[in-house]
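Ready for some practice in reading a structure? Work through each exercise yourself before you look at its solution.

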Amino acid sequence: MRSFILHKDSGHSPENELASDMQAPVEDSPSDQKKPVKKSSYERSVDVQRWLQEQALEESGVKPEFNPTFLASSRDAPWILSSLTHFYEQDLITDVLHVVKSGKEATVYCCAAHPATGAEYLAAKVYRPRMFRSLRNDAIYRQSRLVHDESGHVLRDKRRQRGNQSESGRALQISSWIEYEFETQRLLYNAGADVPCPVSQIGNAVLMEYIGAVDDPAPLLREVSLERDEAQRLFDCILNNIDLWLSYDRIHGDLSAYNILYWRGNVSIIDFAQAVDPHQNPVVYSLLVRDIERICHYFARYGVVADANELATEMWTRYMGVLW
Ligand SMILES: Nc1ncnc2c1ncn2[C@@H]1O[C@H](COP(=O)(O)OP(=O)(O)O)[C@@H](O)[C@H]1O
Ligand SMILES: [Mg+2]
């Protein structure tokens, strides 16, 4: 279990930054005020759930079993429970509130955070069992990834890197990838990148800062409409991020307006599942170009003029200059 919330090496300001960021009072915009207040049952209230758990702990001295109300009717309940119970036992979350989004490979849940984390909500990304049955076959991706054993040591054996075909071999490889996603996010967050603060990872689940309001998760960049000045600022910010990641030996590999959250005028870049280290395979330059091209393409609609190839060459030359 890798838990991180209380340790930050550099880049971001003091340790309670996450807590203060996430607990900042939400100012209602006029449109918010018009929205009808959502009714929720007494038992589903986060505070009530927390209070009931504290009462049970006080009375019996034993932490009650993890039993999120939201999961009662879910077909995936056993899988989700087995994925998230560790976070509950480690006092990182107290409840699972709702699904933020369900994708092909993973579902992201909004969880109530344990007060010890200093956050109010956390996002849990849970990979599906299907992931463990079908491995991705992208040649660049496979060659660029280090494979780790259970104790985190890099496996250099080429046969193991190509993938052991047994069930346990595949499971090890997948969880190694998820671990790599978490480690990348941690590395980049510490470096000051605009990524959600990673909190913990175990097996098929990653826990991180939740971006958005509880009933209003942050939209994707592709879902919002920007002002022109704002667009230029966000474009510069994303390009600075790509440059910063490269200086930490990482290329996102799947960057687009689908993997960037927009919240209150700022961006938060997510989904480092396909991130690669150029040291492992120099052909990843094509991934860098593709990432930059997609960003330039998205921002062109706001009149942001940029040459993706030029930007990529400039960044790569600087990176290689530092490297050699
Ligand atoms: N930290 C987060 N806070 C809020 N919403 C998130 C967070 N991380 C992911 N999401 C939501 O979950 C969706 C899926 O997450 P993502 O990491 O892109 O997984 P994938 O694309 O592999 O399914 C995102 O499009 C976004 O809407
Ligand atoms: Mg994604």
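**Exercise 1.** Find the contacts of Val304 beyond four places in sequence, and decide how exposed Val304 is.

*Solution.* Step 1: once neighbours within four places in sequence are set aside, Val304 is in contact (C-beta atoms, placed from the backbone, within 7 Å) with Ala231, Gln232, Phe235 and Phe299. Step 2: take Ala231, which is 73 residues from Val304 along the chain; their C-alpha atoms are 7.5 Å apart. Step 3: count neighbours. Val304 is partly exposed because 17 C-beta atoms lie inside 10 Å; 20 or more within 10 Å would make a residue buried, and 12 or fewer exposed.

This is a predicted model, where local features need pLDDT of at least 70 and side-chain atom pairs pLDDT 80 or more, while totals for chains, interfaces and linings use all residues. Residues are numbered from 1 along each chain as its sequence is written, and chains are lettered from A and ligands numbered from 1 in the order written.

**Exercise 2.** Check the span of helix α4 (residues 77-89), then locate its bend.

*Solution.* Step 1: helices are DSSP runs of H or I with at least four residues, and strands are E runs of at least two, numbered from the N terminus. Step 2: the expected span is 1.5 Å times one less than the number of residues, so the 13 residues of α4 should cover 18 Å, and the 17 Å between the end C-alpha atoms agrees. Step 3: at Ser83, α4 bends by about 35° (the angle between axes fitted to the seven residues ending there and the seven starting there).

Conventions: Contact = placed C-beta atoms within 7 Å.
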